[in-house]
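Please work through the following exercises with the sequence and the coordinates at hand, and try each task before reading its solution.

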Amino acid sequence: MGAKRLKAVVLDGKKRIGVHNRAEIKRLSQLCNKWVQFQPLFLPGSMAAYVGTLMRVLPTQMAMDGLLYKILLKKWGTGSMNQMSVEMGDSPIKNWKGSSEDWGITHSRSVNPDAIRKHEKVKYHCYACPLGCGGICAMQGKYGETHKPEYESVLALGGLLMNTDLESIFHLCEVLNRAGMDTISAGATVAFAIECYEAGILTKEDTDGLELTWGNSNAIIALIEKMVRREGIGDLLADGSKAAARKIGKNAGNYAMHAGGQELPMHDGRNDPGYGVHYAVEPAPGRHNVGAQMYYEMFQLWKVMKSLPRVKPLYFKGRKYVADEEKAAMAAACSKFMNVVNCAGLCMFGVFLGAKRIPAFDWLNAATGWHRPPEHYMEIGERIQTLKQAFNIRQGVDPRTFWPAGRVIGRPPQTKGANRGRSINMEKMISDYYTQFGWDPETGRPTEKTMARLGLGAGEDVV
Amino acid sequence: MSYRIIDICNGCGACRRLCPVDAIRGEKNTLHAVVHDMCIECGACGRVCPVRAVTDPFGTVCTMLKKSEWERPHFDSKICMSCGICIDACPVHCLSLSGAASSNDPHGYPYMAEGKKCIGCGFCARECPVDAVTMVAP
């Protein structure tokens with residue numbers, strides 16, 4: 001859409017959408033809603049950071065249950081994870097070269113869930129959502145009000161830039177939303193610019209006099225507003241870090257943290273290698289809302305599809321870095337499932353509740369009048385994924401160019417922080433993922449046999 | 001399936017003026033007709049027809065009711081989960097979401113913002129996934 005200079009597509013209509021069995025959909029919704037409304041009293045937001053610290057120091061990890069995350073979402077929204085993620089090593093700091101040792105609890109306290117919630121005037125629900133993780137917040141400055149900044153936005157404009165000024169984050173979220181620009185890409189591109197400035201690749205003359213240093217919130221605001229207006233250095237950076245690095249030269253690409261030109265979100269593959277794999281294998285690269293090992297744990301798909309690998313309730317963290325067929329099957333299941341979820345208009349946070357609690361497949365059967373097993377819908381997801389991959393290849397896009405920057409996958413590994421010493425066996429994990437889909441393990445090209453099996457034509461016609 | 005206008009229509013135009021999706025066509029004092037593909041089956045035309053010239057999708061002749069007798073939605077905030085489906089379902093946009101209910105409850109709840117617009121169709125009640133909306137006669 002960006003290439004077509006298209007910001008959005010709006011569809012409107014007055015006809016009611018018919019479904020096969022409205023009563024059954026309602027019955028299923030009421031069952032699901034019982035889980036959504038389950039909300040015990042919980043820890044104060046200030047404790048979240050210490051939970052993250054505990055998760056960092058323990059050698060073992062509990063399989064994540066999405067019901068727990070739902071409780072956090074309902075109370076604070078996605079910002080519930082702000083401090084916890086920094087502490088446990090999930091959120092990248094200082095353009096992916098830092099850690100909680102650089103941006104510790106005293107810094108991340110500025111974006112504590114309770115600190116953000118203090119601004120919240122009323123909850124905001126997306127269409128038809130019983131959870132309502134969003135919010136409308138009061139803020140200082142000329143706008144006065146904004147949507148509650150999401151986790152990704154807060155950390156991309158906060159920890160990634162070492163910025164502790166919460167008001168600047170509120171302001172920038174509103175500025176970027178109004179411009180139709182992505183907060184993750186904007187934050188990551190500013191992080192790239194700051195590191196270029198630190199390395200002497202960009203000078204004060206290049207930055208129109210801005211002192212681009214870590215945590216300098218005034219300079220960060222000025223730079224992003226220049227990007228929105230495509231003014232001076234802002235014009236150079238407005239197309240993202242990959243394009244800017246190409247124009248700057250001088251090995252600036254070493255500081256551009258992207259996958260296939262897409263700036264990376266605030267989830268560190270060195271903490272959960274599943275993210276690293278999905279950043280590289282998805283036909284639209286750099287996505288954090290498709291799969292991860294933690295997502296697989298929360299989807300609980302094995303409870304409705306016995307052929308999928310089960311997750312142990314407690315395991316050693318080292319297990320996450322072992323590249324084996326089970327991890328590939330988990331990653332492939334996430335991709336297939338999220339294609340179904342996205343096509344059905346469901347929400348990823350909703351399906352985190354677990355397959356037994358949120359009846360996605362049963363809803364689809366009730367809506368369509370089909371009586372298909374979950375495996376049938378997963379095959380639809382597989383077909384979508386393969387079609388997207390085939391489209392890229394037909395357009396001359398090489399999936400192998402989607403590898404994230406070396407720093408992001410632990411090459412070289414960090415020497416301090418939660419993710420010290422960790423790197424991802426991307427070669428094997430990517431190759432195993434391609435194999436799961438029946439794509440060529442080296443090139444990622446869907447084979448003719450796979451295309452035919454999925455009813456996508458005779459290979460070469462499409463690819 | 002849609003509502004229909006039969007040939008005893010006197011062309012008063014009351015149904016055409018009320019129809020929320022402009023699905024009724026006809027000149028003043030001539031037989032009106034429902035454009036079937038556009039009809040959303042809200043039944044408003046049947047409730048305002050003074051000569052009982054409208055039939056519902058089952059062929060039953062509709063009875064005129066005074067506007068003050070039309071059913072109106074009642075919202076149970078103890079059951080409501082603030083999803084907003086009722087607001088989106090309303091074809092005349094007469095519902096709205098309130099501000100935060102209280103300092104302890106940051107959720108907004110649906111309420112009748114423009115009562116005069118309500119056509120008593122009951123879509124809000126039918127679409128509510130948790131039956132928090134009921135249609136009540138005044």
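Contact, as used in these exercises, means heavy atoms within 4.5 Å. The model is a predicted one.

**Exercise 1. Describe the interface of chain B and chain A by its residues, its buried area and its salt bridges.**

Solution. Step one applies the contact cut-off, which selects 26 residues from chain B and 22 residues from chain A. Step two turns to area: about 1800 Å² is buried between the two chains, and carbon and sulfur atoms give 52% of it. Step three asks which residues of chain B contribute most, and the answer is the trio Met81(B), Pro106(B) and His107(B), which supply 26% of the area that chain B buries against chain A, more than any other three residues. Step four looks for charged pairs, of which the rule finds two salt bridges across this interface. The side chains of Arg22(A) and Glu127(B) meet in a salt bridge, with an N to O distance of 3.0 Å.

**Exercise 2. Characterise how domain 1 and domain 2 of chain A meet.**

Solution. The assignment comes first: domain 1 of chain A is made of 1–37 and 269–463, while domain 2 covers 40–266. Their centres, taken over C-alpha atoms, are separated by 24 Å, and the contact takes 42 residues from domain 1 and 48 residues from domain 2. The two domains bury about 3600 Å² between them, with 57% of it on carbon and sulfur atoms. On the side of domain 1, the residues that lose the most area to domain 2 are Lys317(A), Phe349(A) and Arg407(A), which together account for 19% of what that side buries. The final step counts three salt bridges between these domains. Arg407(A) also has a salt bridge with Glu195(A), their side chains meeting at 2.8 Å, N to O.

**Exercise 3. Carry out the corresponding analysis for the two domains of chain B.**

Solution. Here the assignment gives domain 1 as 1–64 and domain 2 as 70–136, with 26 Å between their centres over C-alpha atoms. Eight residues of domain 1 are in contact with eight residues of domain 2. The area buried between them is about 610 Å², 71% of it on carbon and sulfur atoms, and Pro20(B), Cys42(B) and Arg47(B) supply 60% of the area that domain 1 buries against domain 2, more than any other three residues. The search for charged pairs across this domain interface returns zero salt bridges.

**Exercise 4. Explain why the pair Asp65(A) and Arg357(A) ties together parts that are apart in sequence.**

Solution. Begin with the geometry, in which the side chains of Asp65(A) and Arg357(A) meet in a salt bridge at 2.8 Å, N to O. Asp65(A) lies in the loop between β1 (60–62) and α3 (66–76), whereas Arg357(A) lies in the loop between α16 (348–351) and α17 (360–368), so the pair joins parts of chain A that are 292 residues apart in sequence. Over all chains, the whole structure holds 30 salt bridges.

**Exercise 5. Locate the largest cavity and classify its lining.**

Solution. The search of the whole structure finds seven cavities of 30 Å³ or more, and the largest has a volume of about 120 Å³. Its lining has 15 residues, of which Gly274(A), Val277(A), Lys327(A), Ala328(A) and Ala331(A) are the closest to its centre. By element, the largest share of the lining, five residues, comes from α15(A). By residue class, the lining divides into nine nonpolar, three polar and three charged residues.

Notes: Residues numbered from 1 in each chain as written. Chains lettered and ligands numbered in written order. Predicted model: local features only at pLDDT ≥ 70, side-chain atom pairs only at ≥ 80, totals over all residues. Heavy atoms only, no water. 1 Å grid on protein atoms, 1.4 Å probe; cavity = no way out; pocket = protein on both sides within 12 Å on 5 of 7 lines; lining within 4 Å. Points joined across faces, edges and corners; volume = space filled by probe spheres on them. Helix = DSSP H or I, 4+ residues; strand = E, 2+ residues; numbered from the N terminus. Nonpolar A, V, L, I, M, F, W, Y, C, P; charged D, E, K, R; others polar. Domains from an automatic or database assignment. Buried area = accessible area lost by both parts, 1.4 Å probe. Salt bridge = Lys/Arg side-chain N within 4 Å of Asp/Glu carboxyl O.
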